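Reader: Please take a close look at how the helices of this model pack against one another, and at the open and enclosed spaces around them. I would like a single connected account rather than a list of values.

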Amino acid sequence: MDKMSKEFIKNLSKAFKSLNKDFHKNINLTQLSGGVTNKIYLAHFENNQKYIIRECGNHTENFIDRNLELRIINELKPYDISRIILKQFEGGYIESYVEGRPLNLQDFKQENINKIIGRRLNELHSINILNDVPKNPTLWTKIDLWYEQCGRLYNNDENLKEMIDYIGQEIKIQKEKQKKIYSPIIFCHNDLTAANMIYQNENDIKFIDFEYASYNYRGFDIANLFCEHTGNHCKWELFPTNREQRLFYEHYIKHSLTPIDINTLEKEVRFYIPISFLFWSIWGLLQNKHSDVDFYFLEYAKQRLIGYNKYKNI
């Protein structure tokens, strides 16, 4: 388990004290796997009381709006779709614990799991929050911002210059292509990895970790879900087949409050599949320079770019 800094423990202890808990009296502290933006811990106290501790990754404020994240989680409370943030403190959060287990990549092959995800994702996409701010899609704003940061961070890195220049060219190409694609702008999670979905029972799954959530293109959120079927190691054989994609669309559409044409949905999702791979490739390059999480960020960025090239002409 990664060692918490003295400063983080000091702030964490103070936060727990405000919840009438003595952090140093926890029975067991376990670092959870799956988190690559932050370090995630499970604190276990007497009487089976459990809390999630999230230690925010280094320099994540460069690409995550923590105040917006906190507001989103608070506005999602009435919908019972995620964890609750109990306390925010300098460097992290204390969150409620959601009973269940994180999904794994093989779960995506289970039709009942996909039925629940389809229902829950449609419910999420139907939620109306953040009503006092413009509901503009964040996809290209983030890509442009992150790419600009990469340009500065890798300015003198000749080994990656070709890769970064290529990404810049492809961003321009895809922006032009998008002009022919219509996809509704709705509230999106934007990071539905297997680890960010908690299986509770045969009827319910909770979504967690909304730090990348925003209003965005519907097609991107579903495309990103499909891309995450391949996992962090990009196991291309796990990418959903055309049949599996169609089945998911059927589960998703079944719970929609407004009619959705399945062929239209398929068209918009297919466009955003390579964009998802490009998005996370740029993210990996940023994290490679900033993060202290034990993860192969540069190799991940390269693999995601392979995914972009693999699916950009489907």
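**Helix packing and the spaces around it**

Author: On the H4 side of the contact with H8, the residues Leu139, Trp140, Lys142, Ile143, Trp146, Tyr147, Gln149, Cys150 and Leu153 meet Tyr272, Ile275, Phe279, Ile282, Trp283, Leu285, Leu286, Lys289 and His290 of H8. Sorted by class, the residues of this contact of H4 with H8 comprise 14 nonpolar, 2 polar and 2 charged. The model is a predicted one, and every value given here is to be read with that in mind. Two packed helices are described by the angle between their axes and the distance between the axes. For H4 and H8, the axes come within 10 Å and cross at roughly 40°, and the crossing in which H4 passes H8 is left-handed.

H8, which spans residues 262-290, is also packed against H7, residues 242-254, with the two axes coming within 11 Å and crossing at roughly 120°. At that angle H7 and H8 are therefore oblique to each other, and H7 passes H8 in a right-handed crossing. H7 contributes Asn242, Gln245, Arg246, Tyr249, Glu250, Tyr252 and Ile253 to this contact, while H8 contributes Ile262, Asn263, Leu265, Glu266, Val269, Arg270 and Ile273. The contact of H7 with H8 is made up of 7 nonpolar, 3 polar and 4 charged residues.

H7 in turn meets H3, residues 111-125, where the axes come within 8 Å and cross at roughly 45°, which makes H3 oblique to H7. H3 passes H7 in a right-handed crossing. From H3 the contact takes Glu111, Asn114, Lys115, Ile117, Gly118, Arg119, Leu121, Asn122 and His125, and from H7 it takes Phe248, His251 and Tyr252. By class, the contact of H3 with H7 holds 4 nonpolar, 5 polar and 3 charged residues. Tyr252 of H7 is thus named in the contact with H3 and in the contact with H8.

Turning to the open spaces, the largest pocket encloses about 710 Å³. It is lined by 37 residues, of which Ser33, Gly34, Gly35, Ala195 and Asn196 are the closest to its centre. H8 appears again here, since H8 and strand S6 (101-102) are the elements that give two or more residues to the lining of the largest pocket. That lining divides into 17 nonpolar, 13 polar and 7 charged residues.

The second largest pocket, with about 410 Å³ of space, has a lining of 23 residues, and Asp65, Leu68, Thr138, Lys142 and Ser214 lie nearest its centre. Helix H2 (66-76), helix H4 (139-153) and strand S10 (214-217) each give two or more residues to this lining, with H4 giving the most, 4 residues. Lys142 is accordingly one of the residues nearest the centre of the second largest pocket and one of those through which H4 meets H8. By class, the lining of the second largest pocket has 12 nonpolar, 5 polar and 6 charged residues.

As for enclosed space, the structure holds 1 cavity of 30 Å³ or more, and the largest cavity has a volume of about 40 Å³. Arg54, Ile73, Ser82, Arg83, Ile85, Glu95, Asp209 and Phe210 form its lining, which consists of 3 nonpolar, 1 polar and 4 charged residues.

Conventions. Residues numbered from 1 in each chain as written. Predicted model: local features only at pLDDT ≥ 70, side-chain atom pairs only at ≥ 80, totals over all residues. Heavy atoms only, no water. 1 Å grid on protein atoms, 1.4 Å probe; cavity = no way out; pocket = protein on both sides within 12 Å on 5 of 7 lines; lining within 4 Å. Points joined across faces, edges and corners; volume = space filled by probe spheres on them. Nonpolar A, V, L, I, M, F, W, Y, C, P; charged D, E, K, R; others polar. Axes fitted to C-alpha atoms, helices over the stretch in contact; angles between N-to-C directions. Parallel < 35°, antiparallel > 145°, perpendicular 65-115°, else oblique. Left-handed = near helix turned anticlockwise from the far one by under 90°. Contact = heavy atoms within 4.5 Å.
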